[in-house]
Amino acid sequence: IRKLRLPVGARMLDYAEGILLYRLGLQIRARRVSTGRDVLLRRAALAVLEHNGLSYAAGQRVSSVAMVNVQAALGR
């Protein structure tokens, strides 16, 4: 079991493919559990991480990012 600490005020949103997805304010951030590498993915109010990628809502628009792009942002 590995414990991760998120920044104060962060809210965990989801977990998939070894990636923890969380929100900090309007930042949607991802942290690779194995390495601890943390990146800003998007600015949005809501997001979900699935095996095929990230879906997020910003205003009235819903968009998605392929998992290969999420993984690339975190470095393989």
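Q: In what order do the three strands of the open sheet stand?
A: In this predicted model, three strands form an open sheet with antiparallel pairing. Strand 5 (46–50) and strand 7 (61–66) each have a single partner strand and stand at the edges, so one side of each lacks a neighbour in the sheet. Neighbouring strands are turned against each other by 15 degrees on average, direction ignored. The order is 5-6-7.

Q: Which residue of strand 6 is the bridge partner of Leu-46?
A: Strand 5 pairs with strand 6 (residues 53–58) in the antiparallel sense, over five bridges. The partner of Leu-46 in strand 6 is Ala-57.

Q: At about what angle does helix 1 run to strand 7?
A: Helix 1 covers residues 67–74. This helix lies across strand 5, strand 6 and strand 7. Its angle to strand 7 is about 70 degrees.

Q: Which element supplies the largest share of the largest nonpolar core?
A: The largest nonpolar core has 16 residues, and among those with the most contacts inside it are Leu-21, Leu-49 and Val-70. Strand 2 (19–24), strand 3 (27–32), strand 4 (38–43), strand 5, strand 6 and helix 1 supply at least two residues each. The largest share, three residues, comes from helix 1.

Q: Which Met is in contact with Leu-21, leaving aside neighbours within four places in sequence?
A: Leu-21 is one of the residues with the most contacts inside the largest nonpolar core. With sequence neighbours within four places left aside, its contacts include Ile-28, Leu-41, Leu-49 and Leu-54. The Met in contact with Leu-21 is Met-12.

Notes:
Residues numbered from 1 in each chain as written. Predicted model: local features only at pLDDT ≥ 70, side-chain atom pairs only at ≥ 80, totals over all residues. Heavy atoms only, no water. Pairing = 2+ DSSP bridges. Helix = DSSP H or I, 4+ residues; strand = E, 2+ residues; numbered from the N terminus. Axes fitted to C-alpha atoms, helices over the stretch in contact; angles between N-to-C directions. Contact = heavy atoms within 4.5 Å. Core = buried A, V, L, I, M, F, W, Y, C linked by side-chain atoms within 4.5 Å. Buried < 20%, exposed > 50% of the residue type's maximum accessible area, 1.4 Å probe, protein only.
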